[in-house]
Amino acid sequence: SQQGQTPTFGVLTFKVLPGSPGSAISTEVMAAAAKILSQRSTPTTRWYSDGQGSFTATVPRLTPKAITQYAEDLQATVLEQLPSLVEAESGEPNVAVGGAIADVSQATDGQQLIQTAEQAVETALQRGRNRVKISQLN
């Protein structure tokens with residue numbers, strides 16, 4: 001049950017990278033990833049894209065464990081469905097996910113939350129293909 005849980009606010013950043021290093025992510029892959037993410041999301045999730053293969057979502061009211069499971073589920077769905085929606089461009093895409101979660105009973109700097117999520121996605125990329133890293137703000 002969610003009773004007694006501290007209310008949280010999370011930010012997830014997805015980076016969809018082409019299978020072969022050095023090639024650019026196509027608009028078809030971007031559009032397909034956006035479609036998959038929006039279809040698979042909870043109603044309270046809001047998505048933003050930079051048009052360069054990076055998607056950021058705001059995710060309210062999930063526990064750290066739940067936000068990690070949510071991120072892993074979204075990532076698995078993108079990896080499973082993306083190849084059938086777009087012709088394989090150059091190998092399997094790499095979908096890295098970084099996240100940050102904060103306790104909303106404390107004042108939280110939104111910019112810090114986004115920066116923490118972006119640092120987490122960089123850590124995920126350094127760890128290998130298709131990794132998820134969620135950081136908690138104190």
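Below, a biologist and a modeller chat through a predicted model of a protein.

Biologist: Let's start simple: in what order do the helices and strands of the protein run from the N terminus on?

Modeller: The protein has three helices and five strands in total. Reading from the N terminus, the elements go β-α-β-β-α-β-α-β.

Biologist: And what share of the residues counts as buried?

Modeller: A residue is called buried when its relative accessible area is under 20%. The protein has 138 residues, and the buried share of them is 41%.

Biologist: Which residues touch the most other members of the largest nonpolar core?

Modeller: As background, nonpolar side chains in soluble globular proteins tend to be buried together. Here the largest nonpolar core has 24 residues. Strand 1 (8–17), helix 1 (27–40), strand 3 (54–60), helix 2 (64–85) and strand 4 (94–103) each give two or more residues to this core. The members that touch the most others are Leu12, Phe14, Val16, Phe55 and Leu82.

Biologist: Which residues does Val16 contact, once its neighbours within four places in sequence are left aside?

Modeller: Contact here means heavy atoms within 4.5 Å. With those neighbours set aside, the partners of Val16 are Ile25, Val29, Ala33, Gly53, Phe55, Leu82, Pro93, Asn94 and Val95.

Biologist: Ile25 turned up in that list, so how far is Ile25 from Pro93 in space, C-alpha to C-alpha?

Modeller: Ile25 sits in the loop between strand 1 and helix 1. Beyond its neighbours within four places, Ile25 has contacts that include Val16, Met30 and Gln52. Along the sequence, Ile25 and Pro93 are 68 residues apart, yet their C-alpha atoms are separated by 9.1 Å.

Biologist: How are the rings of Phe14 and Trp47 arranged?

Modeller: They form the one aromatic pair counted here. Phe14 is in strand 1 and Trp47 in strand 2 (residues 46–49), with their positions 33 residues apart in the chain, so to speak a link between distant parts. The ring centres are 5.5 Å apart and the planes stand at 65°, and planes over 60 degrees apart fall in one named class. That makes the pair edge-to-face.

Biologist: Is Trp47 buried, exposed or partly exposed?

Modeller: Its partner Phe14 has 0% relative accessibility, so Phe14 counts as buried. Trp47 has 22%, and since buried needs under 20% and exposed needs over 50%, Trp47 is partly exposed.

Biologist: Which residue in strand 3 is the bridge partner of Arg46?

Modeller: Strand 2 and strand 3 pair in the antiparallel sense, over four bridges. Their hairpin has four residues between the strands, and Gly51 takes a positive phi near 75° there. As for Arg46, the bridge partner in strand 3 is Thr58.

Biologist: What is the handedness of the β-α-β crossover from strand 4 to strand 5?

Modeller: Strand 4 and strand 5 (residues 132–136) run parallel and are joined by five bridges. One of the matches is Gly99 with Ile134 in strand 5. Between the two strands the chain passes through helix 3 (residues 110–127), and this crossover is left-handed.

Biologist: Is Thr116 buried or exposed?

Modeller: Thr116 is in helix 3. Setting aside neighbours within four places in sequence, Thr116 contacts Gly99, Ala100, Ser135 and Leu137. Its relative accessibility is 12%, and with the limit for this class at under 20%, Thr116 is buried.

Biologist: And Glu80, is that one buried or exposed?

Modeller: Glu80 belongs to helix 2. Its C-alpha atom is 10.0 Å from that of Ile36, though 44 residues separate the two along the chain. The relative accessible area of Glu80 is 63%, so Glu80 is exposed.

Biologist: What is the phi of Arg61?

Modeller: Most residues other than glycine have a negative phi. Arg61 lies in the loop between strand 3 and helix 2, and its relative accessible area of 56% makes it exposed. Its phi is positive, near 60°.

Biologist: Last one: what is the phi of Asn130?

Modeller: Asn130 is in the loop between helix 3 and strand 5. It is partly exposed, with a relative accessible area of 26%. Asn130 is a residue other than glycine with a positive phi, and the value is near 55°.

Note on methods
Residues are numbered from 1 along each chain as its sequence is written. This is a predicted model: local features need pLDDT of at least 70, side-chain atom pairs count only at pLDDT 80 or more; totals for chains, interfaces and linings use all residues. Side-chain values use heavy atoms; hydrogens and water are left out. A nonpolar core is a set of buried Ala, Val, Leu, Ile, Met, Phe, Trp, Tyr and Cys residues joined through side-chain atoms within 4.5 Å. Buried means under 20% relative accessible area, exposed over 50%, partly exposed in between (1.4 Å probe, protein chains only). Rings of Phe, Tyr and Trp (its six-membered ring) pair if their centres lie within 6.5 Å; planes under 30 degrees apart count as stacked, over 60 as edge-to-face and the rest as tilted. Two strands pair if DSSP finds at least two bridges between them. A crossover is right-handed if, with the strands pointing away from the viewer, the path from the first strand over the helix to the second runs clockwise.
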